[in-house]
Amino acid sequence: VLLVMLFLGCLGSAAFHPKGASVTPVLSGDRPAIGMAVFSAAGNLGLAAGSTVIGFFIAAWGWRATPWLALPAVVVVGLLFVLLPPRSIDERTKGRTEITLRGLAADRAGLAAILRLVFINFSITVGLRGLQTFLGIHLTDLGTPVTSVGLLLTVMLALGAVASIFVSSLVHRVGSRALVASSIFAGAPLGVAGILLLPSPAGGILIVLSGMALGWSNPVLILKAQRHAGDSPAMASSLQMGLAWGLAGVAMLPLGALGELIGTRSLLVVTCLVPLLGLASCFRLPKDAPAEAAGAKELPAR
């Protein structure tokens, strides 16, 4: 029953994120990168808060009381219908023609860039999600309270969300390729060093910094994918937020099996190194177009 409910819940997430990510740049005026960063950061802040909220909620009332935590989502749904009705979204996005997968495949250069971005996002997300999934198990085995684990994950994700807004503001100066590469170069070694130093405070700090670094490239990757998707930003968002994230989630299954063989600590080291697989694809990405670097008002149409 739990797996069925989780599946249904993920359908809701899959329906929201691509459309939300495609509408956000349109509503962001001449700063689409900042708008996408705020959209991504808000979601990551909610995810970050969830780790702490769940920890204290379970400690106080137990697992069976957790369905009450769905009430804030119900309130948000009502607010969305009032503040951003479907008719308003349709009017703001009028004139855009969504293309099919066949149409996207016809642009080989754009498709190659999107596939590279998907692989980069997958590699980074495996590292970040591996920390979220297995770090709690490792720390619990070391005797760390559940509430402390929740606080650590909250700080890690929250700092990544805040950092993503600042980093996205640098796209027009530094370029998206450099920002994504910096996420990998900083996140992977910091994560490995942090795992090796646990359970010391220094290890916790390094893991927080690792998660922050891995998280700051997310809005940059999504926006760059939209730039290469012609008139179909929703499809680009689906590939980034659906395919890349979904495959990263599926990767937790073989990684969990590997952890049974080599231990959780060694597994965490492996997951922190996975983002390095995306470096080759990162350096093969096309350079930012002038309109992209300057933060154009609209996504360029093909």
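This report walks through the helices, cores and a few individual residues of a predicted model.

## Ground rules

Because the model is predicted, local features need pLDDT of at least 70 and side-chain atom pairs count only at pLDDT 80 or more, while totals for chains, interfaces and linings use all residues. Residues are numbered from 1 along each chain as its sequence is written, and side-chain values use heavy atoms, with hydrogens and water left out.

## Overall make-up

Let us start with the whole protein. Its secondary structure comes to 15 helices and zero strands; these are DSSP runs numbered from the N terminus, with helices being H or I of at least four residues and strands E of at least two. Of the 302 residues, 45% are buried. Here buried means under 20% relative accessible area, exposed means over 50%, and partly exposed lies in between, using a 1.4 Å probe and protein chains only.

Contact means heavy atoms within 4.5 Å. Among contacts between residues at least 6 apart in sequence, 83% join residues at least 24 apart.

## Helices α6 and α9

Helix α6 (residues 108-141) packs against helix α9 (residues 176-197) at an angle of about 25°, and their axes are 11 Å apart. The axes are lines fitted to C-alpha atoms, for helices over the stretch in contact, and angles between N-to-C directions run from 0 to 180 degrees. The two helices, α6 and α9, are therefore roughly parallel to each other; angles under 35 degrees earn that label, over 145 is roughly antiparallel, 65 to 115 is roughly perpendicular, and the rest are oblique.

On the α6 side the contact is made by I120, I124, L131 and L135, and on the α9 side by V180, S183, I184 and I195. By class, this contact has seven nonpolar residues, one polar and no charged ones. Ala, Val, Leu, Ile, Met, Phe, Trp, Tyr, Cys and Pro count as nonpolar, Asp, Glu, Lys and Arg as charged, and the others, Gly among them, as polar.

After α9, have a look at P199, placed in the loop between α9 and α10 (201-215). The peptide bond from L198 to P199 is cis, with omega near 5°.

## The nonpolar cores

A nonpolar core is a set of buried Ala, Val, Leu, Ile, Met, Phe, Trp, Tyr and Cys residues joined through side-chain atoms within 4.5 Å. The largest one has 49 residues, and those with the most contacts inside it are I120, I124, V126, L135, M156, V180 and I195. Helices α6, α7 (146-168), α9, α10, α11 (218-227), α12 (233-262), α13 (264-273) and α14 (279-283) each supply at least two residues of this core. The most comes from α6, which gives nine residues.

A second, separate core has ten residues, including F39, I114, M241 and A244. As for V126, leaving aside residues up to four places away in sequence, V126 touches A248, A251, M252, L255, T271 and V274.

## Three residues to visit

In helix α2 (residues 32-61) you will find A41, which is buried with a relative accessible area of 2%. Not counting residues up to four places away in sequence, A41 touches A161, S164 and I165. The C-alpha atoms of A41 and L159 are separated by 9.3 Å, with the two positions 118 residues apart along the chain numbering.

R129 lies in helix α6 and is partly exposed, at 26% relative accessible area. Beyond residues up to four places away in sequence, R129 touches W245, G249 and M252. S281, in helix α14, is buried at 14%.
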